[in-house]
Amino acid sequence: MQEMEIMEIFKKSGAYKQGHFRLSSGLHSGAYLQCALVLQEPVVAARLCAALAEKFRAEEPDVVIGPAMGGIVLAYELARALKARAVFSERDEEGVMRLRRGFEIGPENRVLIAEDVLTTGRSVKEVIKLLEAYDVSPGGVASLVDRSGGAADLGGVRAESLMKIDVPTFPGEDCPLCQEGMPLEKPGSRKI
Ligand SMILES: [Zn+2]
């Protein structure tokens with residue numbers, strides 16, 4: 001799949017919108033990104049994940065792990081495409097990323113990490129740390145969208161995405177869209 005076709009799918013589902021948005025960080029941006037909207041159609045999700053899975057097929061991952069919530073659906077569809085097992089990690093009461101619900105993983109597994117949007121790579125790094133406790137070094141990180149601008153530090157783990165986008169953000173007092181008088185929207189998600 002070409003990036004342009006993928007972008008069209010994102011725009012059509014409302015997962016990528018252009019305008020003037022206030023992000024949960026308080027920063028302003030000209031674009032809004034919500035992968036849950038592109039993944040809500042299983043047929044579309046399966047098609048995107050099949051394309052993403054190809055980038056890792058040679059490594060033959062047998063487990064795909066995604067951090068909750070954003071990584072759950074992605075891990076599941078990638079696992080389907082790779083004929084692997086899908087598990088997810090979640091934070092405990094102390095906010096530490098853990099495997100719960102009886103999911104098992106070990107050094108015999110070839111593990112791929114799934115994250116819908118790669119921004120700072122914070123959740124992915126938490127999953128890498130979790131895997132270390134199980135003697136697992138992940139074979140890669142698969143994301144639908146990489147908006148990190150190459151700045152995410154994943155400790156040398158290979159990262160592949162379907163689409164790279166550059167979404168500049170601005171402090172409110174320094175926002176060119178505010179200066180143009182464009183109305184400000186506040187979409188209800190932290191993934192923007
Ligand atoms: Zn603004």
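Leu 144 has many contacts beyond its neighbours within four places in sequence: Cys 35, Leu 48, Leu 52, Leu 74, Asp 116, Val 117, Ser 161, Leu 162 and Met 163. Contact here means C-beta atoms, placed from the backbone, within 7 Å. This is a predicted model: local features need pLDDT of at least 70, side-chain atom pairs count only at pLDDT 80 or more, and totals for chains, interfaces and linings use all residues. Residues are numbered from 1 along each chain as its sequence is written.

**Core**

Leu 144 also belongs to the largest nonpolar core, which has 48 residues. Val 64, Ile 65, Ala 75, Leu 78, Ala 114 and Leu 144 touch the most other members. Helix 4 (residues 70-82) gives the largest share, 8 residues. Such a core is a set of buried Ala, Val, Leu, Ile, Met, Phe, Trp, Tyr and Cys residues joined through C-beta atoms within 7 Å. Buried means 20 or more other C-beta atoms within 10 Å of the residue's own, exposed means 12 or fewer, and partly exposed lies in between.

**Sheet**

An open sheet of 6 strands runs in the order 5-4-3-6-7-8, with mixed pairing. Strand 5 (97-99) and strand 8 (159-164) stand at the edges with a single partner strand each, so one side of each has no neighbour in the sheet. The twist averages 25° from one strand to the next. Helices (H or I, at least four residues) and strands (E, at least two) are DSSP runs, numbered from the N terminus. Strands pair if DSSP finds at least two bridges between them.

| Parallel pair | Bridges |
|---|---|
| Strand 3 and strand 4 (residues 85-91) | 5 bridges |
| Strand 3 (residues 63-67) and strand 6 | 3 bridges |
| Strand 6 and strand 7 (residues 140-146) | 6 bridges |

Val 64 has Ala 86 as its bridge partner in strand 4 and Leu 112 in strand 6. Glu 115 is bridged to Ser 143 in strand 7. In strand 6 (residues 111-118), 8 of the 8 residues are buried, so the rest of the structure largely encloses this strand.

**Helix 5**

Which residues of helix 5 are buried? They are Ser 123, Val 124, Val 127, Ile 128 and Leu 131. These cover an arc of only 145° around the axis (taken from directions to the C-beta atoms), so they lie on the same side of helix 5. On the other side, Arg 122, Lys 129 and Glu 132 are exposed. The cover over the buried residues includes strand 3, strand 4, strand 5, strand 6 and strand 7.

Terms used. Two residues are in contact if their C-beta atoms, placed from the backbone, lie within 7 Å. Axes are lines fitted to C-alpha atoms, for helices over the stretch in contact, and angles run from 0 to 180 degrees between N-to-C directions.
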